[in-house]
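Here's a quick briefing on how the nonpolar core and the aromatic rings are arranged. Have a look at the structure first, then read on.

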Amino acid sequence: MKTHQARKSIGVLISAILLILSLGAQAQENDAAQPLPPEKPASLTLVSALMCEGMEGFEPRNGTIVFSASLEQAVCFTAFDPVPEKTDIYHNWFKRDKPDAKFKLTLKPPKWASFSKIRLRSSDAGPWRVEITDANGKIFQTLRFSVTE
């Protein structure tokens, strides 16, 4: 008699397990049938920004924050990843807190690096900065540097 009850209990237990498994599989099928909400596009992200003496093979050369006017140029390098869509950014150059130059640079997906440069003269000695902005004026980063004679 105990054997019969044990078999009956095992049968009920197996039936319950099978029912639970089939309900779980059915729930997964229902979840798979539901469309996922659209992903929010990744935002434009500045991953690198630096002042350097020049470019070599599209890589910044000799990063620095002090430029001698005898170098005859200063370069601002920026890299963005990701770039979700074609986007314009700006390198806004300021000499002693006054606008000196503005460069519009176009970035393209999926990632992009770009640079701008100015010619240096001995009269350019003093504090400088470059503000890296989007078309709406949002500042991604400000790079400060000095020019010496």
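**Core and rings at a glance**

Arg 129 lies over the face of Phe 94, with 4.0 Å to the ring centre. Keep in mind that this is a predicted model. Lys 102 does a similar job of covering a ring: it lies over the face of Tyr 90, 4.8 Å from the ring centre.

**The nonpolar core**

- The largest nonpolar core has 22 residues, and the members that touch the most others are Met 51, Ala 74, Phe 80, Trp 93, Ile 132 and Phe 145.
- Two or more residues apiece come from β1 (46-56), β4 (73-80), β5 (87-95), β6 (98-107), β8 (126-134) and β9 (139-148).
- Leaving aside residues up to four places away in sequence, Ala 74 touches a list of residues including Met 51, Phe 67, Trp 93, Leu 120 and Phe 145.

**Aromatic pairs**

- The count of aromatic pairs comes to seven.
- Phe 67 and Phe 145 make an edge-to-face pair, at 5.3 Å centre to centre with 75° between the planes.
- Phe 67 sits in strand β3 (residues 66-68) and Phe 145 in strand β9, so this pair ties together parts 78 residues apart in sequence.
- Both Phe 67 and Phe 145 are buried.
- Trp 128 and Phe 145 have ring centres 5.9 Å apart and planes at 20°, so they count as stacked.
- That pair links strand β8, home of Trp 128, with strand β9, home of Phe 145, across 17 residues.
- Trp 128 is buried, as is Phe 145.

**The cluster**

- Phe 67, Trp 93, Phe 103, Trp 128 and Phe 145 come together as one aromatic cluster.

Key:
Residues are numbered from 1 along each chain as its sequence is written. This is a predicted model: local features need pLDDT of at least 70, side-chain atom pairs count only at pLDDT 80 or more; totals for chains, interfaces and linings use all residues. Side-chain values use heavy atoms; hydrogens and water are left out. A nonpolar core is a set of buried Ala, Val, Leu, Ile, Met, Phe, Trp, Tyr and Cys residues joined through side-chain atoms within 4.5 Å. Buried means under 20% relative accessible area, exposed over 50%, partly exposed in between (1.4 Å probe, protein chains only). Helices (H or I, at least four residues) and strands (E, at least two) are DSSP runs, numbered from the N terminus. Contact means heavy atoms within 4.5 Å. Rings of Phe, Tyr and Trp (its six-membered ring) pair if their centres lie within 6.5 Å; planes under 30 degrees apart count as stacked, over 60 as edge-to-face and the rest as tilted. A charge sits over a ring if NZ of Lys or CZ of Arg is within 6 Å of the ring centre and within 35 degrees of the ring normal.
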